[in-house]
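Student: Hi, could you walk me through this model? I'd like to start with how you use words like buried and exposed.

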Amino acid sequence: MGSKRMVLEEEEAVLMINCPPCCSINTRRPYGELGSVDKNNCLCCKGVSSDLNKSFPLFVGWGCDDAKVTEIVSELKARMKARGDTGQIERAEETLSEVKHLREEVSSLKADMKLLMQHLNVPVQYEMER
């Protein structure tokens, strides 16, 4: 009898299938590349399908643990959202917001420096264009 093991790492999902003596499969995919993660029914068995296990659904235990399958599907979808394309977009938007805030601060500092230089009668040098 073989074994199946799915490990959810920080950035990718890993599937290890061991069926001695005929085969051993180890595959890993970033969460953004899992495609559609769905719960499948095959007769009375419940399983998980995604691009991680393309050709067959992954059944937990004897295939009757609907709650565990639902939990796995929910966790994979949450990780896909957080670390896949949606997560990348959210992190890019956060970075853009921080850059805008820094530009405002630099602009304010430049204005303060200009006032200080005028008050001290320091000649203003021409700014270089970028």
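Tutor: Sure! Buried means under 20% relative accessible area, exposed means over 50%, and partly exposed is in between (1.4 Å probe, protein chains only). This is a predicted model, so local features need pLDDT of at least 70 and side-chain atom pairs 80 or more, while totals for chains, interfaces and linings use all residues. Residues are numbered from 1 along each chain as its sequence is written, and side-chain values use heavy atoms, without hydrogens or water.

Student: Cool. How do β4 and β5 pair?

Tutor: Strand β4 (residues 38–42) and strand β5 (residues 45–49) are antiparallel, with 5 bridges. Strands here are DSSP E runs of at least two residues, helices are H or I runs of at least four, and both are numbered from the N terminus; pairing takes at least two DSSP bridges.

Student: Which residue is opposite N40?

Tutor: That's G47 in β5.

Student: And what's in the turn?

Tutor: β4 and β5 make a hairpin with 2 residues between them, and L43 in the turn has a positive phi of about 55 degrees.

Student: Which strand do 2 bridges join to β5?

Tutor: β6 (residues 58–59), running antiparallel to β5. There, V48 has L58 as its bridge partner.

Student: New topic: where is V122?

Tutor: V122 sits in the segment after α2, a helix that spans residues 85–119.

Student: What's its relative accessible area?

Tutor: V122 has 38%, which means that V122 is partly exposed.
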